[in-house]
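Q: I would like to learn how to read a structure one feature at a time. Could we start with a single residue and work outwards?

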Amino acid sequence: MLQDDRKSREIRTDGALVYIRLLRVDDAAALLELRLRNLEFLRPWEPRRAGGPPTIESQRAQLRHAEAASDDDTAYHFGVFTPDDRMVGTITLSNVARGAWQNATVGYFIDEAENGKGYATEAIRLAARTAFGELGLHRVQAGVMPRNPGSMRALEKAGFRHEGLSPRYLRINGVWEDHVMFALTQEDVSG
């Protein structure tokens with residue numbers, strides 16, 4: 001667990017295709033543009049959001065909440081950026097549990113126009129590296145709806161193992177959806 005809140009806001013992990021870094025309130029405009037551009041693309045995969053389409057104010061509020069969550073060691077919200085600093089997605093380590101579990105749940109999306117370039121796979125690898133390294137976690141898990149083969153493929157390419165099916169796991173777009181569960185532990189990546 002990170003002891004210095006300011007240090008947690010500086011987490012950045014670089015890869016060959018993309019890098020991830022914790023989102024900040026000053027990312028609100030880029031996040032709003034990304035979210036608006038992908039509203040229809042993401043609708044089948046996300047919970048219904050109250051309050052209509054995102055606004056700059058809602059994105060600032062979300063990012064203030066994200067900063068507080070990282071300060072509290074409960075969630076880490078990262079932007080996925082290309083080397084030229086263009087935000088192409090987000091990836092989050094949420095539901096951070098300490099104690100005997102040392103676990104987090106990973107969730108992510110990549111801009112529809114950027115799909116198929118390997119960004120999701122690399123962002124997942126980078127988030128796992130951050131989880132096992134700087135954050136000191138032991139396990140990262142993910143749940144994916146069976147009708148989302150692209151997301152499952154990205155997890156498998158990132159080294160996650162299939163663990164089973166969780167019926168009616170999350171309420172997505174108003175429907176309780178089954179999710180295929182995947183996980184990766186420190187031992188999986190360290191040999």
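A: Gladly! Let us begin with E114, which is found in the loop between β5 (103–110) and α5. Please keep in mind that this is a predicted model.

Q: How do I read the accessibility of E114: is this residue buried or exposed?
A: Residues under 20% relative accessible area count as buried. E114 has a relative accessible area of 9%, so this loop residue is buried.

Q: Which side chain forms a polar contact with that of E114?
A: The side chain of K117 does, in a polar contact of 2.6 Å. If you set aside neighbours within four places in sequence, E114 is also in contact with R86, V88 and Y119.

Q: Could you take me through a strand residue in the same way?
A: Of course. T92 lies in strand β4 (residues 87–97). Its relative accessibility is 16%, so T92 counts as buried. The side chains of T92 and H77 are joined by a polar contact of 3.3 Å.

Q: Which residues does T92 touch, not counting residues up to four places away in sequence?
A: They are Y76, H77, T105, V106 and G107. H77 therefore turns up both in this list and as the partner in the polar contact.

Q: What does S94 touch when residues up to four places away in sequence are not counted?
A: S94, also in strand β4, touches T74, A75, A104 and T105. T105 is thus among the residues touched by S94 and among those touched by T92. For a view along the chain, take S94 and D73: they are 21 residues apart in sequence, and their C-alpha atoms are 9.3 Å apart in space.

Q: Now for helices. How is the packing of two helices described?
A: Two packed helices are described by the angle between their axes and by the distance between those axes. Take helix α5 (residues 119–132) and helix α6 (residues 149–157): their axes come within 8 Å and cross at roughly 50°. The two helices are therefore oblique to each other. The crossing in which α5 passes α6 is right-handed.

Q: Which residues of α5 and α6 meet?
A: From α5 there are A120, T121, I124 and R125, and from α6 there are A154, L155 and K157. Sorted by class, the residues of this contact are four nonpolar, one polar and two charged.

Q: At what angle do helix α2 and helix α4 pack?
A: Helix α2 (residues 28–37) and helix α4 (residues 56–71) pack at about 115°, with 9 Å between their axes. The crossing of α2 and α4 is right-handed. A28, A29, L31, L32 and R35 in α2 meet I56, Q59, R60, Q62 and L63 in α4. This contact of α2 with α4 has six nonpolar, two polar and two charged residues.

Q: Staying with α2, is R37 buried, partly exposed or exposed?
A: Partly exposed is the class between the 20% and 50% cut-offs. R37, in helix α2, has 43% relative accessibility, so R37 counts as partly exposed. Not counting residues up to four places away in sequence, R37 touches M87 and D111.

Q: How far apart are the C-alpha atoms of R37 and A113?
A: They are separated by 9.4 Å, although R37 and A113 are 76 residues apart along the chain. You can try the same reading on G52, in the loop between α3 (39–42) and α4. G52 and L32 are 20 residues apart in sequence, with 13 Å from C-alpha to C-alpha. At 47% relative accessibility, G52 counts as partly exposed.

Q: One last topic is the backbone. What sign does phi have in most residues other than glycine?
A: Most residues other than glycine have a negative phi, and that makes positive values worth looking up. D85 has a positive phi, near 70°, and is found in the loop between β3 (76–81) and β4.

Q: Where is R168, whose phi is also positive?
A: R168 is in strand β7 (residues 161–172), and its phi is near 45°. With 57% relative accessibility, R168 counts as exposed.

How values were computed: Residues are numbered from 1 along each chain as its sequence is written. This is a predicted model: local features need pLDDT of at least 70, side-chain atom pairs count only at pLDDT 80 or more; totals for chains, interfaces and linings use all residues. Side-chain values use heavy atoms; hydrogens and water are left out. Axes are lines fitted to C-alpha atoms, for helices over the stretch in contact, and angles run from 0 to 180 degrees between N-to-C directions. Helices (H or I, at least four residues) and strands (E, at least two) are DSSP runs, numbered from the N terminus. Angles under 35 degrees count as roughly parallel, over 145 as roughly antiparallel, 65 to 115 as roughly perpendicular and the rest as oblique. A crossing is left-handed if the near helix is turned anticlockwise from the far one by less than a right angle, and right-handed if clockwise. Contact means heavy atoms within 4.5 Å. Ala, Val, Leu, Ile, Met, Phe, Trp, Tyr, Cys and Pro count as nonpolar, Asp, Glu, Lys and Arg as charged, and the others, Gly among them, as polar. Buried means under 20% relative accessible area, exposed over 50%, partly exposed in between (1.4 Å probe, protein chains only). A polar contact is a pair of N or O atoms within 3.5 Å; within protein, one must be able to donate a hydrogen and the other to accept it, and residues adjacent in sequence count only if both atoms are side-chain atoms.
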